[in-house]
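Trainee: I would like a close look at a single part of this model, with the surroundings described afterwards. Please state the cut-offs along the way.

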Amino acid sequence: MTTEAGTVRPPAGAQAVRRALDVLHCFHDNGPDLSASDLARRLGLSTSTAHRLARTLLGAGFLEQDARTARYRLGPAMTELGRLSYHQRGLHLAAPELADLAERTGATADLALRSGPHVVIVAGGSVTPKVGLRRPLHSTALGKVLLAWPRAGEAGPRSLPPLYAFTERTIVEPPLLTAELARVREAGYALNDGESALGVRTLAVPVLERAGHARFALAVRATPELITDARLDWYLAQARSCARALEVLLLAPAERREPGERAG
C-alpha cells in the first residue's frame with residue numbers, strides 16, 4: 001500500500017508479526033525468564049502491548065509461562081521447530097566429526113552459520129545450556145569467515161551496526177575490517193587472537209557449498225599456549241580436513257549427485 005506522500009506502508013498485520021518476532025528475539029541471550037514488563041522495556045512498547053503479544057505467542061505454543069512467577073520462556077513449539085531445523089540441515093551428522101576434531105586437537109570445535117549481524121553456533125563444544133549461541137561477526141574468527149565468503153543475499157560488512165570493542169585488539173573501524181576480510185579470503189582462514197576475549201585464540205575455515213559460498217564456518221578454539229604460531233599450520237590442516245568432510249555430509253542427498261546426474 002502506498003500513501004499520498006509516496007511512502008510504502010507494510011501490509012496489514014505485518015507490524016504485529018514483526019513485533020511478535022521481536023518478542024521471541026528477546027530470548028536470544030539465554031538469560032532468565034522474562035516478565036511482560038521486561039519485554040516491554042526491551043522492545044520500547046507499553047506493558048499492555050507486550051502482555052498481549054506474549055499471550056498470543058503463549059496460546060500458539062511459542063512461549064510458555066511459569067505458573068508461579070508469571071514470567072515467560074520459549075515454548076514447546078520453538079523446541080519442535082528448532083529440532084526439525086537441526087535435522088533438516090543435517091547438523092546431527094556434524095556432531096561426531098566435531099567431537100573427533102576436538103579430541104585430535106585438544107581444542108573446542110564449533111560449527112556456526114550467519115543470522116543477520118550475528119554468528120550462531122549450531123553444533124560443537126560451545127553449545128551448552130549456560131552459554132548463549134550468538135556471537136558478533138566482526139570480532140570472531142567464525143564471523144570473519146562468514147563475512148569473507150557470503151552467501152547470496154547476505155549483506156557485507158558495511159551493513160553491520162557500530163563495531164563494539166570487546167578488547168583493545170577488536171577491529172572497530174569498517175575500513176580495517178574490510179582489509180581484514182580481504183586477508184582472510186587470500187589466506188583461506190580467519191584468526192581471532194584475543195579480539196573477543198584476551199587469552200583465547202580461534203582459527204576458523206569455511207565449509208563451502210558448490211557455488212563457493214560459506215554455508216557454515218568451522219572453528220577450533222583454545223589458548224595461545226595451545227594454538228601456537230609454530231603449530232598454526234597443523235591446526236589449520238586439521239580444521240580444513242574436517243570442513244571438507246562436512247561439505248559432503250551437510251549436503252542434502254539430492255545435492256550430493258553430480259550436476260546432470262539423474263536419480264534412479
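Which residues in α6 meet which residues in α7?

Mentor: Lys 144, Leu 147 and Ala 148 in α6 meet Glu 180, Leu 181, Val 184 and Arg 185 in α7, where contact means heavy atoms within 4.5 Å. This is a predicted model, in which local features need pLDDT of at least 70 and side-chain atom pairs count only at pLDDT 80 or more, while totals for chains, interfaces and linings use all residues. Residues are numbered from 1 along each chain as its sequence is written, and side-chain values use heavy atoms, with hydrogens and water left out.

The geometry of this helix pair comes next. Two packed helices are described by the angle between their axes and the distance between the axes. Helix α6 covers residues 141–148 and helix α7 covers residues 174–187; their axes come within 9 Å and cross at roughly 85°. That crossing makes α6 roughly perpendicular to α7. Axes are lines fitted to C-alpha atoms, for helices over the stretch in contact, and angles run from 0 to 180 degrees between N-to-C directions. Angles under 35 degrees count as roughly parallel, over 145 as roughly antiparallel, 65 to 115 as roughly perpendicular and the rest as oblique. By class, the contact of α6 with α7 has four nonpolar residues, no polar ones and three charged ones. Here Ala, Val, Leu, Ile, Met, Phe, Trp, Tyr, Cys and Pro count as nonpolar, Asp, Glu, Lys and Arg as charged, and the others, Gly among them, as polar.

On the α7 side, Glu 180 counts as buried, at 13% relative accessibility. Buried means under 20% relative accessible area, exposed over 50%, and partly exposed in between, with a 1.4 Å probe and protein chains only. Leaving aside neighbours within four places in sequence, Glu 180 is in contact with Lys 144, Ile 171 and Leu 191.

On the other side, α6 is mostly covered, with eight of its eight residues buried. They are Ala 141, Leu 142, Gly 143, Lys 144, Val 145, Leu 146, Leu 147 and Ala 148. Besides α7, these buried residues pack against β3, β4, β6 (190–193), β7 and β8. Helices (H or I, at least four residues) and strands (E, at least two) are DSSP runs, numbered from the N terminus.

Now the nonpolar cores. The largest has 29 residues, and those with the most contacts inside it are Leu 98, Leu 111, Leu 203, Phe 216, Leu 218 and Leu 246. A nonpolar core is a set of buried Ala, Val, Leu, Ile, Met, Phe, Trp, Tyr and Cys residues joined through side-chain atoms within 4.5 Å. Two or more residues of this core come from each of α5 (94–105), β3 (108–115), β4 (118–124), β7 (201–208), β8 (214–222) and α8 (232–249). Helix α8 gives the largest share, seven residues. A second, separate core of 22 residues includes Leu 137, Leu 146, Leu 177 and Ala 217.

Helices α5 and α8 form another pair. Their axes come within 10 Å and cross at roughly 170°, which makes α5 roughly antiparallel to α8. In α5, Ala 94, Glu 97, Leu 98, Leu 101, Arg 104 and Thr 105 take part; they meet Trp 234, Tyr 235, Gln 238, Ala 239, Cys 242, Ala 245, Leu 246 and Leu 249 in α8. This contact has 10 nonpolar, two polar and two charged residues. Within α8, Gln 238 counts as buried at 16% relative accessibility. Not counting residues up to four places away in sequence, Gln 238 touches Leu 101, Arg 104 and Thr 105.

Two loop residues remain. Phe 27 sits in the loop between α1 (14–25) and α2 (36–43) and is buried, with a relative accessible area of 12%. Beyond four places in sequence, Phe 27 is in contact with Leu 34, Leu 39, Leu 63, Tyr 72, Arg 73 and Leu 74. Phe 27 and Tyr 72 are 45 residues apart in sequence and 9.5 Å apart in space, C-alpha to C-alpha. Ala 70 lies in the loop between β1 (63–65) and β2 (72–74) and is partly exposed, with a relative accessible area of 39%. The phi of Ala 70 is near 65°, a positive value in a residue other than glycine. Most residues other than glycine have a negative phi.
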